[in-house]
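Visitor: I'm new to looking at protein structures. Could you walk me through this one, a piece at a time?

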Amino acid sequence: MKFDTDRDLIVYFGGQFIPLHEARIGILTHALHYGTGVFEGIRAHWDEKQEELFVLRPREHYERWKRNCGILRIDVPKSPEELVAITIELMQLNSFRTNVYVRPLAYKSAERIGVSTDDQDAFAVIAMPFGEYLDSKNGLHAGVSSWRRIEDNAIPARAKICGAYVNSALASDEAHQCGFDEAIFLNENGHVAEGATCNIFMVRNGQLITPAVTENALEGITRSTVIELAQRELGLTVVERAIDRSELYVCDELLFTGTAVGIAPIVRVDHRPVKDGEIGWITQRIQQLYFDATRGHLPAYSHWLTPVYPSSISHPQKLVSLVG
Ligand code: PMP
């Protein structure tokens, strides 16, 4: 995640909007030592024509975040609506006119030694300009990781728990060392779980198939967005079921989905082409629908978007795309 360090970002930290360089935590902070934090990832897409920045499903992200904070008994003392309002204000203060990634982080903040937790919690919201996470224009080469996905009874993969990302970091690092763009995790049953930082879908016999979230996968919001678009706009049957490793080698299409990666086609897996090694038509249709829905070009999905600079007077055309 890179941004222009010459320009000091404004972040939300300690209940206030302050410059990034002033947002510091102590070396003994519990979450730093023990991974006791829960984070989120939210995207906002800039649409040049409408001169608008559209935050994608922020309410759903904050609802998921608060629910998952509950797993670690971290309290975020704000409602999802208040958190959306903080996020919009943060983007306005930073005057972003580009694609943005928002990183809310809640954590155990006590400064002491000792793994057991207490009720000292803190949270921050950081937003920064953010382009492509993976360059997937020509499709990705994914590799099945030798690391297994964490089990729900060890660290729940359905939540974005900071410490759980050691699992993703190991797999991602291994994938890059081996020349792959991204790792695919199997779970302890040997079934496909997800990517290191994204959910996975395959197309077989005209059906869109993805592991059930009980396979130790994150309950992805892009995953649910793709399921809805595929069912409603393409009339596809979407099946949530266990996927064998070898199905990755015989399927027609494969794609990753996630807030950071967007819709990323996989054209090779473990050095084997996915079908003919080209980006498949269903993936292309999903990519286009996702692009249009997230930039306010599809009125039917305007309820997913929260505009950062809503001004119907200076941007009359915005109303056209926002009225569903
Ligand atoms: N799986 C993992 C492990 C992730 O880190 C992410 C990114 N948040 C996803 C899946 C995709 O989830 P979402 O679509 O909600 O970003």
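Guide: Sure! One term to start with: a residue is called buried if its relative accessible area is under 20%, exposed if that is over 50%, and partly exposed in between. Keep in mind as well that this is a predicted model.

Visitor: Let's try that out on His 45. Is His 45 buried or exposed?
Guide: You'll find His 45 in strand β4, which covers residues 42–47. Its relative accessible area is 5%. The cut-off for buried is under 20%, so His 45 is buried.

Visitor: Which residues is His 45 in contact with, leaving aside its neighbours within four places in sequence?
Guide: Some of the partners of His 45 are Glu 52, Leu 53, Phe 54 and Leu 56. Strand β5 takes in residues 52–56. The rest of the contacts of His 45 are Asn 99, Thr 294 and Arg 295.

Visitor: What does the side chain of Glu 52 reach?
Guide: Glu 52 lies in β5 and is buried, with a relative accessible area of 0%. At 3.2 Å, its side chain reaches the backbone nitrogen of Val 308.

Visitor: Now for a helix. How does the reach of α4 compare with what is expected at 1.5 Å a residue?
Guide: Helix α4 runs over residues 165–177, which makes 13 residues. The expected span is 1.5 Å times one less than the number of residues. From first C-alpha to last, α4 reaches 18 Å, close to the expected 18 Å.

Visitor: Where on α4 do the buried residues sit?
Guide: The buried residues of α4 are Asn 167, Ser 168, Ala 171, Ser 172 and Ala 175. They cover an arc of only 120 degrees around the axis, so they all sit on the same side of α4.

Visitor: And which exposed residues are on the face of α4 turned away from that buried side?
Guide: First, the buried side: what covers its residues includes β8 (140–148) and β9 (182–186). The face turned away from it carries the exposed residues Val 166 and Gln 177.

Visitor: What is the phi of Gly 179, which follows α4?
Guide: There's a similar case elsewhere, so let's take that along: just after α7, Gly 296 takes a positive phi of about 75 degrees. Gly 179, which follows α4, has a positive phi too, near 85 degrees.

Visitor: Which residues of α7 are buried?
Guide: Helix α7 spans residues 281–294 and has 14 residues. Its buried residues include Ile 282, Thr 283, Ile 286 and Leu 289. The others on the list are Tyr 290, Asp 292, Ala 293 and Thr 294.

Visitor: Is Asn 216 buried or exposed?
Guide: Asn 216 has a positive phi of about 75 degrees although it is not a glycine. Its place is in the loop between β12 (207–210) and α5 (221–234). With 8% relative accessibility, Asn 216 counts as buried.

Visitor: What does Ser 95 count as, at 47% relative accessibility?
Guide: Ser 95 isn't a glycine either, and has a positive phi of about 50 degrees. Look for it in the loop between α3 (80–94) and β6 (100–108). At 47% relative accessibility, Ser 95 counts as partly exposed.

Visitor: What joins the side chains of Lys 137 and Asp 135?
Guide: Lys 137 is in the loop between β7 (121–129) and β8, and it is exposed, with a relative accessible area of 64%. The side chains of Lys 137 and Asp 135 are joined by a polar contact of 3.0 Å.

Visitor: How much of the ligand does the protein bury?
Guide: Start with some atoms beside it: a polar side-chain atom of Arg 64 lies 2.7 Å from an oxygen atom of the ligand, and a backbone N or O atom of Ile 221 lies 2.8 Å from a ligand oxygen atom. Taken alone, the ligand exposes 380 Å², and the share of that buried by the protein is 97%.

Visitor: Which of the 16 residues around the ligand come nearest?
Guide: The elements giving two or more residues to the shell around the ligand are α5 and β14 (253–258). Of the 16 residues around the ligand, the nearest are Lys 160, Tyr 165, Glu 194, Thr 222 and Thr 259.

Conventions
Residues numbered from 1 in each chain as written. Predicted model: local features only at pLDDT ≥ 70, side-chain atom pairs only at ≥ 80, totals over all residues. Heavy atoms only, no water. Helix = DSSP H or I, 4+ residues; strand = E, 2+ residues; numbered from the N terminus. Buried < 20%, exposed > 50% of the residue type's maximum accessible area, 1.4 Å probe, protein only. Arc of directions from axis to C-beta. Contact = heavy atoms within 4.5 Å. Near = heavy atom within 4 Å. Polar contact = N/O pair within 3.5 Å; in protein donor to acceptor, adjacent residues only side chain to side chain. Areas by Shrake-Rupley, 256 points an atom, 1.4 Å probe, with all protein chains shown as cover.
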